[in-house]
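User: I would like to go through this model by question and answer. Please keep the replies brisk.

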Amino acid sequence: MIFQLENHNISFPPPELAEDDGLLAIGGDLSPERLILAYSSGIFPWYSDETPILWYSPHKRFVLFPEKVKISKSMRQVINAGKFIVTENTAFSDVIRACASSPRKDQDGTWITSEMEKAYIRLHQIGFAHSVEVWYKGTLAGGLYGISMGPVFCGESMFSFISNASKVALIWLCQNRNYRLIDCQIYSGHLERMGAELISREEYMMELTRDS
């Protein structure tokens, strides 16, 4: 059963009622209040310009425990070479726009709509959304952004204009911030090779809600 949300009622049905593909609800809005409630409940929006807002809560969550991140020998060489400079929260709008414009394998277009860009920029302005930027010779080369929910970083998207730049951003996040878990949401092969794994929704919610 897929639930219909109303703009005036900021609430969600229980996440465990999601469909097999994780789709839980449709409609509503992207107000800061609704987005914060969604992420704190293990729910996130994922849709395109051609559809209404779709809300997902997968039964299996693809996550990365920072202490388990796998850094290949070649990536260690890239990091140790020092050609990249990493910053945090210095160019959030540029990062999300780069993520939206970057082509994705097996995807036609982007799921980061202009409405989503504006919504996450608002979340950044009030301290919930964060970015990691990777620079090469003063130019933005890669990065990532996501939502901070206490001990969990809910990763939304990443991009690279130069090879390995997004991996540098993710490794930096693992090594320089005290998150217990990085939520990658949906399976991807390259993140699995970096140590990401599937856990149940129940395990994910325990990590999201337990005290630090």
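User: Is Arg34 buried or exposed, and what is its relative accessible area?

Analyst: This is a predicted model, where local features need pLDDT of at least 70, side-chain atom pairs count only at pLDDT 80 or more, and totals for chains, interfaces and linings use all residues. Residues are numbered from 1 along each chain as its sequence is written, and side-chain values use heavy atoms, with hydrogens and water left out. Buried means under 20% relative accessible area, exposed over 50%, and partly exposed in between (1.4 Å probe, protein chains only). Arg34 therefore counts as buried, its relative accessible area being 0%.

User: Which residue forms a salt bridge with Arg34?

Analyst: A salt bridge needs a side-chain nitrogen of Lys or Arg within 4 Å of a carboxyl oxygen of Asp or Glu. For Arg34, the closest N and O atoms of the pair are 2.8 Å apart. The partner is Asp29.

User: Which residues of helix H1 are buried, and what arc do they cover?

Analyst: Helices (H or I, at least four residues) and strands (E, at least two) are DSSP runs, numbered from the N terminus. In H1 (residues 32–40), the buried residues are Pro32, Arg34, Leu35, Ala38 and Tyr39. They sit on the same side of H1, because the arc around the axis, taken from the directions from the helix axis to the C-beta atoms, is only 165°.

User: How many residues apart in sequence are the parts that Glu88 and Arg177 tie together?

Analyst: The two side chains meet in a salt bridge, 2.4 Å from N to O. Glu88 belongs to strand E6 (residues 85–88), and Arg177 to the loop between helix H5 (165–176) and E10, so the pair ties together parts of the chain. Glu88 is partly exposed at 23%, and Arg177 is partly exposed at 33%. The separation is 89 residues.

User: Which residues form one network with Arg180 through salt bridges that share partners?

Analyst: Glu207 and Arg180 meet in a salt bridge of 3.2 Å, N to O. This pair links helix H7 (residues 201–209), home of Glu207, to the loop between H5 and E10, where Arg180 lies, 27 residues apart. Glu207 is buried at 16%, and Arg180 is buried at 19%. Sharing of partners joins Arg180 into one network with Glu207 and Arg210.

User: Which element gives the most residues to the largest nonpolar core?

Analyst: A nonpolar core is a set of buried Ala, Val, Leu, Ile, Met, Phe, Trp, Tyr and Cys residues joined through side-chain atoms within 4.5 Å. The largest has 44 residues, and Trp55, Tyr120 and Tyr145 touch the most other members. Elements supplying at least two residues each include H1, helix H4 (114–125) and strand E8 (139–149). With six residues, the top contributor is H3.

User: How many residues are in the second, separate core?

Analyst: Among its members are Phe62, Val168, Tyr179 and Cys184. The count is 27 residues.

User: What is the phi of Gln185?

Analyst: Gln185 lies in strand E10. At 7% relative accessibility, Gln185 is buried. Phi is positive here in a residue other than glycine, near 70°.

User: Where does Asn89 lie, and what is its phi?

Analyst: Asn89 is in the loop between E6 and H3. Asn89 is partly exposed, at 29% relative accessible area. Although Asn89 is not a glycine, its phi is positive, at about 60°.
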